[in-house]
Amino acid sequence: MRIVLANPRGFCAGVRMAIDVVEQVLDVLGEDEVVYVYHDIVHNRHVVDRLREKGARFVERVADVPEGSIIVFSAHGVPPSVRAESDERGLTSIDATCPLVTKVHSRAIRYSRQGYQILLIGHADHQEVIGTRGEAPEATQVVESPADIPELRIDDPDKLVYLTQTTLSTDDAGVIIAALKEAFPNIKAPPDEDICYATTNRQQAVRQVAPHCDLVLVVGSSNSSNSVRLTEIAANVGTPGYRIDDVSELDPAWYPDGDETVLLTAGASAPEDLVSEICRHFVEHHGATLHLADVFEEAVEFGLPLTLKKLMKANGIDPGDRKVRVEPPVITAGEYGMNAVALTVSAKE
Ligand code: SF4
């Protein structure tokens with residue numbers, strides 16, 4: 001059996017930053033104070049459970065946070081109503097929204113001020129879409145598929161713009177955008193892509209490598225949009241793809257011969273130790289060899305939120321000019337169970 005590790009996979013800079021924010025706030029406050037996090041900080045069960053064990057408390061309603069507490073907003077962003085409610089309760093808000101989500105919020109605000117109606121392509125019940133729509137609720141309608149287009153209420157087809165959720169399948173978004181352009185030829189596009197670099201790169205790696213594999217395994221939780229999309233991209237190129245939270249969800253029926261080539265990747269919110277555990281399983285139980293498919297290098301970095309820096313300073317900690325950056329995972333023999341296996345690195349395409 002061959003395990004091909006997609007690179008890039010797993011954590012993006014936005015997820016790394018959001019987790020760092022919660023950990024930093026927990027450190028600053030110490031054990032006596034509770035840190036509340038509005039919504040799962042990122043959509044990964046393991047990440048949320050680990051932070052909960054460290055003392056974070058996750059809530060879905062601002063009303064559940066005691067007055068005067070600290071609240072961290074998740075990487076997916078929040079609508080202005082949540083910010084306002086937090087202020088009303090006298091909460092100290094620390095915003096861990098990914099800057100690439102904030103960019104889409106800013107666009108929604110700007111276009112609605114310019115009198116545009118906004119067609120927001122995305123999943124209506126996803127936290128990010130709820131947040132973006134909240135910036136301009138009167139001007140925004142959500143489009144989940146081309147089937148929604150006939151139902152749209154359009155005032156002026158020449159004053160329309162589309163925006164997209166950052167974690168969509170680029171394949172699906174392309175289909176919806178084409179249908180919108182056909183229905184409204186003068187619809188305006190955003191100045192650059194709203195789907196983020198991490199989503200695009202992880203999907204492109206699967207699109208490129210999956211056709212050479214028998215199976216694609218995606219590490220990620222069921223509520224992780226970009227993880228689910230990776231299985232769909234695999235299916236689009238004709239390779240069966242399954243999403244698993246961790247090694248315990250592997251199903252041997254997916255690799256009946258034991259001699260398959262398996263592309264292993266991870267959504268942007270899935271920690272690398274879950275990937276290494278799966279590698280170890282395949283090496284120990286199926287004699288697998290590990291291979292790398294190096295498709296893109298990523299060098300995106302984000303600064304810490306200003307509100308966190310303020311909190312750190314107020315507690316005598318110098319935040320400096322710290323940047324959050326994700327380095328590609330280093331494959332070490334012990335962690336990945338590679339003691340007796342070969343490792344080959346494929347050339348970038
Ligand atoms: S997936 Fe993209 S938008 Fe979401 S947190 Fe990561 S970088 Fe930001």
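**Exercise 1. Place Val324 in the model and describe its surroundings.**

Step 1. Val324 belongs to strand β14, residues 323–325. Strands here are DSSP runs of E with at least two residues, helices are runs of H or I with at least four, and both are numbered from the N terminus. Residues are numbered from 1 along each chain as its sequence is written. The model is predicted, so local features need pLDDT of at least 70, side-chain atom pairs count only at pLDDT 80 or more, and totals for chains, interfaces and linings use all residues.

Step 2. Count the neighbours. Val324 has 18 other C-beta atoms within 10 Å, which makes this residue partly exposed. The scale is this: buried means 20 or more other C-beta atoms within 10 Å, exposed means 12 or fewer, partly exposed lies in between, and C-beta atoms are placed from the backbone.

Step 3. List the contacts, leaving out residues up to four places away in sequence. Val324 touches Ala13, Arg16, Met17, Asp20, Glu301, Phe302 and Leu304. Contact means that the C-beta atoms, placed from the backbone, lie within 7 Å.

Step 4. Check a separation. Val324 and Leu263 are 61 residues apart along the chain, and their C-alpha atoms are separated by 28 Å.

**Exercise 2. Do the same for Glu135.**

Step 1. Glu135 sits in helix α5, residues 127–135.

Step 2. Glu135 counts as buried because 22 other C-beta atoms lie within 10 Å.

Step 3. Beyond four places in sequence, the contacts of Glu135 are Pro79, Pro80, His105, Ala108 and Ile109.

Step 4. Glu135 and Arg16 are 119 residues apart in sequence; from C-alpha to C-alpha they are 25 Å apart.

**Exercise 3. Which residues of α6 are buried, and on which side do they lie?**

Step 1. Start with the length. α6 covers residues 170–183, 14 in number. From first to last C-alpha α6 reaches 20 Å, close to the expected 20 Å. The expected span is 1.5 Å times one less than the number of residues.

Step 2. Pick out the buried residues: Ala173, Ile176 and Leu180. They share one side of α6, because their arc around the axis is only 65 degrees. The arc is that of the directions from the helix axis to the C-beta atoms.

Step 3. Recall the general rule. An α-helix has 3.6 residues a turn, so residues three or four places apart point the same way.

Step 4. Look at the face turned away from the buried side. Gly174, Val175, Ala178 and Glu182 are exposed there.

Step 5. Find the cover. The buried residues of α6 are covered by elements including β6 (117–121), β7 (140–143) and β8 (160–164).

**Exercise 4. Work out the sheet that holds β6.**

Step 1. Order the strands. The open sheet has three, in the order β7-β6-β8, with parallel pairing. Two strands pair if DSSP finds at least two bridges between them.

Step 2. Find the edges. β7 and β8 each have a single partner strand, so one side of each has no neighbour in the sheet.

Step 3. Read the twist: on average 25 degrees from one strand to the next. Axes are lines fitted to C-alpha atoms, for helices over the stretch in contact, and angles run from 0 to 180 degrees between N-to-C directions.

Step 4. Look at one pair. β6 and β7 run parallel and are joined by four bridges. Leu120 has Val142 in β7 as its bridge partner.

Step 5. Add the helix. α4 packs on this sheet and touches β6, β7 and β8. The direction of α4 makes about 170 degrees with that of β8.

**Exercise 5. Which residues are closest to the ligand, and which helix gives the most to its shell?**

Step 1. The ligand is surrounded by 15 residues. Near means a C-beta atom, placed from the backbone, within 6 Å. The closest are Cys12, Gly14, Cys98, Thr166 and Cys196.

Step 2. Three helices each supply at least two shell residues: α1 (13–29), α4 (99–113) and α7 (197–209).

Step 3. α1 gives the most, with three residues.

**Exercise 6. Find two backbone details, at Pro8 and at His39.**

Step 1. Pro8 is in the loop between β1 and α1. The peptide bond from Asn7 to Pro8 is cis, with omega near 10 degrees.

Step 2. His39 lies in the loop between β2 (35–38) and α2 (45–54). His39 is not a glycine, yet its phi is positive, about 75 degrees. His39 counts as buried, with 21 C-beta neighbours inside 10 Å.

Conventions
Contact = placed C-beta atoms within 7 Å.
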